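Please read the following points beside the sequence and the coordinates. They take up one loop residue and then the sheet with its helices.

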Amino acid sequence: MTESDPLLVIVDAANVVGSVPDGWWRDRRGAAERLRDRLAADGLPGHLGPVEIVLVVEGAARGVETVPGVRVEPAPGSGDDHMVDLVAGAGARPVLVVTADRELRRRVRELGAEVAGPRTVRPA
């Protein structure tokens with residue numbers, strides 16, 4: 001990877017969706033699809049450069065499909081472990097992980113990623 005690579009934005013779908021009590025628990029897949037569609041439309045608000053957005057889904061949201069602008073990655077097991085693996089595989093590329101999960105934040109920071117909370121991609 002080179003410095004010209006777009007920022008890799010890894011979004012913890014379950015954590016971001018669960019950050020707003022809007023009834024997401026009644027339709028987890030639908031909530032993840034709405035988040036995916038918002039990311040595809042808005043990108044990373046406030047970031048002017050190119051981004052590659054990866055939405056990591058797990059559980060009932062595993063059937064959510066990729067759309068232009070957002071690659072959906074179904075976690076084969078733990079979503080947190082999958083996100084850590086994605087960060088580890090990014091090499092020197094700049095990475096931003098969007099989550100409020102404290103343990104996940106710690107793990108990806110140790111690998112050199114930046115972190116941001118759910119409001120980065122989802123207004124409260």
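1. Where is the place of Ala 60? Ala 60 sits in the loop between S2 and S3, where helices (H or I, at least four residues) and strands (E, at least two) are DSSP runs numbered from the N terminus. This is a predicted model, in which local features need pLDDT of at least 70 and side-chain atom pairs count only at pLDDT 80 or more, while totals for chains, interfaces and linings use all residues. Residues are numbered from 1 along each chain as its sequence is written, and side-chain values use heavy atoms, with hydrogens and water left out.

2. Ala 60 counts as exposed because its relative accessibility is 54% (buried is under 20% relative accessible area, exposed over 50%, partly exposed in between, with a 1.4 Å probe and protein chains only). Leaving aside neighbours within four places in sequence, Ala 60 is in contact with Arg 28 and Arg 29, contact meaning heavy atoms within 4.5 Å.

3. Five strands, with parallel pairing, make an open sheet in the order S3-S2-S1-S4-S5; two strands pair if DSSP finds at least two bridges between them. Strand S3 (70–74) and strand S5 (114–116) stand at the edges with a single partner strand each, so one side of each is left without a neighbour in the sheet.

4. Strand S4 (residues 95–98) is joined to S5 by three bridges, the two running parallel, and Val 97 stands opposite Val 115 in S5. Helix H4 (residues 102–110) packs on the sheet, where this helix touches S1, S4 and S5, and its direction makes about 155° with that of S5 (axes are lines fitted to C-alpha atoms, for helices over the stretch in contact, and angles run from 0 to 180 degrees between N-to-C directions).
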